[in-house]
Amino acid sequence: MTAPTALAADTPSLVQSVDWLAIAPVVVTAAVALAVLVADLFVPERRKPVLGWISVAGLAAATVLLLPLRAGDRATFCLTGDPGACSYTADHFALVVQFLVLAGALVTALLSVTVVREARMPAGEYWFLLLSSAAGAALLPAARDLATLIVALEVASLPAFALVGMRRGDRLSSEAALKFFLSSVTATAVSLMGISFVYAVTGSLHLTQVAGRLEDVPGQLDTLAMAGVALTLVGFAFKTAAVPFHFWVPDTYVGAPLPVAGYLSVIGKAVGFTGLILVTVIAFPAYSDIWGPALAVLAALTMTLGNTAALRQSADRAHSAVRLLAWSSVGQAGYLLVPIAAAAYTGRDQIGSTVAYALMYAAVNLGAFAVAALVARTKPLNRIADYRGLYAERPLAALSLAFFLLCLAGLPPGLIGLFAKVTVFRSAVDAGLGWLAVVMAVNVVVALYYYLRWTALLFRPAQEGAGEESAPRTKAPRPVTAAIALTAVTALVLSGAPQLVLRFAAGTLFPQ
């Protein structure tokens, strides 16, 4: 009996300890999702709105649980033979993106409380899907192996398909969900093929181990490795709505309930950029000469096509306000890609510029969708022309939307938008991508036109007879008002103290 005992003592334990505090924000979000789904079976119909407030409380609690992790020094699910290779890491990068995701989902939940009740959508299913998607989106920035990364991507994406098509009997909603589903599944299949190639070459799924083994790939496997890197990036490029993977965006945003459209524009985009950052700067730095130029070209094409399409939106076209925000989000995706491309030339420190810009974009874009949701209550066609004279009708909503649009344009008093654009511009210059900086400057000027045109419309006198197709003006629901106020205050604070966000652009978010 002595020999086996001694052998067992020398064998490393395969049982992993779990840092429950590190994974608490994700676990709480997922647990509340399950609780809401089960509670839906027992809550009577007239009490269904309580499920929405439980979801809001759960997202608020998950966001607060990020505070004990602010040191950014926790990791769990690590290999026993290589403690440096972990599947979950709560570093500063993960925490900042998790805050963006959970706070954004919280604003989405506030906007949804009224929409779910008035549109008679199935409450239990809606809140379960929203929380499940948020849990997957919060898991993704902390994932440090390709398997966890792709699982988190799908957990964030699959519920979103159903959310887009949640308005039963609505043809636009059904078409949007189908288009979103088919294109997303295709992109994910391509990424899985790429991951299988990478695993075949490296024999590992952990990002740090993949990075080390790609440094010394045998010549006969180099082509397979390059193909794996390229294919892996496709799925994440789709989530970012980068050209040519952008075609699903306008129709999906128009067909989805407005809170869901806002969610996709911010949290859906954050999922794509987070995955893109992790696989490029952590897993594939050895092939930066491939993905760096490719992302630079994608950034130029994306911002140019997005801004050009937004410029062409007719003010009188049905749903033109949502379409403009959709194409604007494509243009903004081009700016977000610039620092990632720059990281191929100057190192991962450039990633802070993308995070800083994403934080600004999340606050103001969700705010713009919140005002759009308010206007759509009385003007369901949601045309840009419907916003004419909004200041006379709803002065605070008009001032908030004007401020959000000026932030997106990068004009005072939206200083946070200006500073965020400067950091992105500087990252391109520091990386020697002068041509990309010029393209970005031209696109910023082009975007000024449609942002300022919409802003000016808010303060013009309403045309006589313009409200014939509108419902009578009603008092703004408190959850919608709270969402607008929350995003407006956040944007004002960031503009008054831009260092709160810009400090992320000044240093590294990843452990050295």
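Which element gives the largest share of the lining of the largest pocket? That is where I would like to begin this morning, with the reminder that we are looking at a predicted model. The answer is α4, with 9 residues.

Let me describe that pocket more fully. The largest pocket has a volume of about 860 Å³, and 27 residues line it, those closest to its centre being V96, F99, L100, L359 and F504. Besides α4, which spans 92-118, two or more lining residues come from each of α3 (49-64), α14 (351-375), α19 (478-496) and α20 (499-506). If we sort the lining of this largest pocket by class, we find 20 nonpolar, 5 polar and 2 charged residues.

The second largest pocket holds about 520 Å³ of space, and its lining is made of 22 residues, with R167, L258, A373, A376 and R377 nearest the centre. The elements that contribute two or more residues here are α4, α10 (249-255), α11 (258-283) and α14, and it is α4 that provides the largest share of this lining too, with 3 residues. By class, the lining of the second largest pocket comprises 15 nonpolar, 3 polar and 4 charged residues.

Now to the enclosed spaces. Rolling a probe the size of a water molecule over the atoms shows where empty space is left. When the whole structure is searched, 3 cavities of 30 Å³ or more are found. The largest cavity has a volume of about 120 Å³, and of the 14 residues around it, A156, S157, K239, L264 and G268 are the closest to its centre. Two or more of its lining residues come from each of α5, α6 and α11, and α11 supplies the largest share, 6 residues. The lining of this largest cavity divides into 9 nonpolar, 3 polar and 2 charged residues.

For the second largest cavity, which contains about 90 Å³ of space, I can give you the complete lining: F93, V97, L100, A270, F273, T274, I277, T354, V355 and A358. The elements giving two or more residues to it are α4, α11 and α14, with α11 contributing the most, 4 residues. This lining has 8 nonpolar and 2 polar residues, and no charged ones. You may recognise L100, which lines this second largest cavity and also belongs to the residues closest to the centre of the largest pocket.

Let me turn to the charged pairs. Side chains of opposite charge can pair when their charged atoms come close. The structure holds 8 salt bridges, and I will go through some of them.

In one of these, R144 pairs with D91, and the closest N and O atoms are 2.8 Å apart. R144 sits in the loop between α5 (123-139) and α6 (146-164), while D91 sits in the loop between β2 (86-90) and α4, so this salt bridge ties together parts that are 53 residues apart in sequence. Both R144 and D91 are buried.

Another salt bridge joins D251 to R323, with the closest N and O atoms 3.3 Å apart. This one links distant parts of the chain, since D251 belongs to helix α10 and R323 to helix α13 (residues 320-346), 72 residues apart. Here the partners are not equally covered: D251 is partly exposed, with a relative accessible area of 30%, whereas R323 counts as buried at 14% relative accessibility.

A further pair is E393 with K379, where the closest N and O atoms are 3.7 Å apart. E393 lies in helix α15 (residues 390-393) and K379 in the loop between α14 and α15, so the pair connects parts 14 residues apart in sequence. E393 counts as partly exposed at 25% relative accessibility, and K379 counts as buried at 15%. Salt bridges with shared partners also join K179, D251 and R323 into one network.

Finally, the surface. L158, L178, F181, L182 and V185 form a nonpolar patch there, with about 430 Å² of accessible area together. Helix α7 (residues 171-202) gives the largest share of the patch, 4 residues. Why is F181 classed as partly exposed? This residue, found in helix α7, is partly exposed because its relative accessible area is 35%, and the class runs between 20% and 50%.

Notes. Residues numbered from 1 in each chain as written. Predicted model: local features only at pLDDT ≥ 70, side-chain atom pairs only at ≥ 80, totals over all residues. Heavy atoms only, no water. Patch = residues over 30% accessible without salt bridge, like charges linked within 9 Å, V, L, I, M, F, W, Y side chains within 5 Å. Areas by Shrake-Rupley, 256 points an atom, 1.4 Å probe, with all protein chains shown as cover. Salt bridge = Lys/Arg side-chain N within 4 Å of Asp/Glu carboxyl O. Buried < 20%, exposed > 50% of the residue type's maximum accessible area, 1.4 Å probe, protein only. 1 Å grid on protein atoms, 1.4 Å probe; cavity = no way out; pocket = protein on both sides within 12 Å on 5 of 7 lines; lining within 4 Å. Points joined across faces, edges and corners; volume = space filled by probe spheres on them. Nonpolar A, V, L, I, M, F, W, Y, C, P; charged D, E, K, R; others polar.
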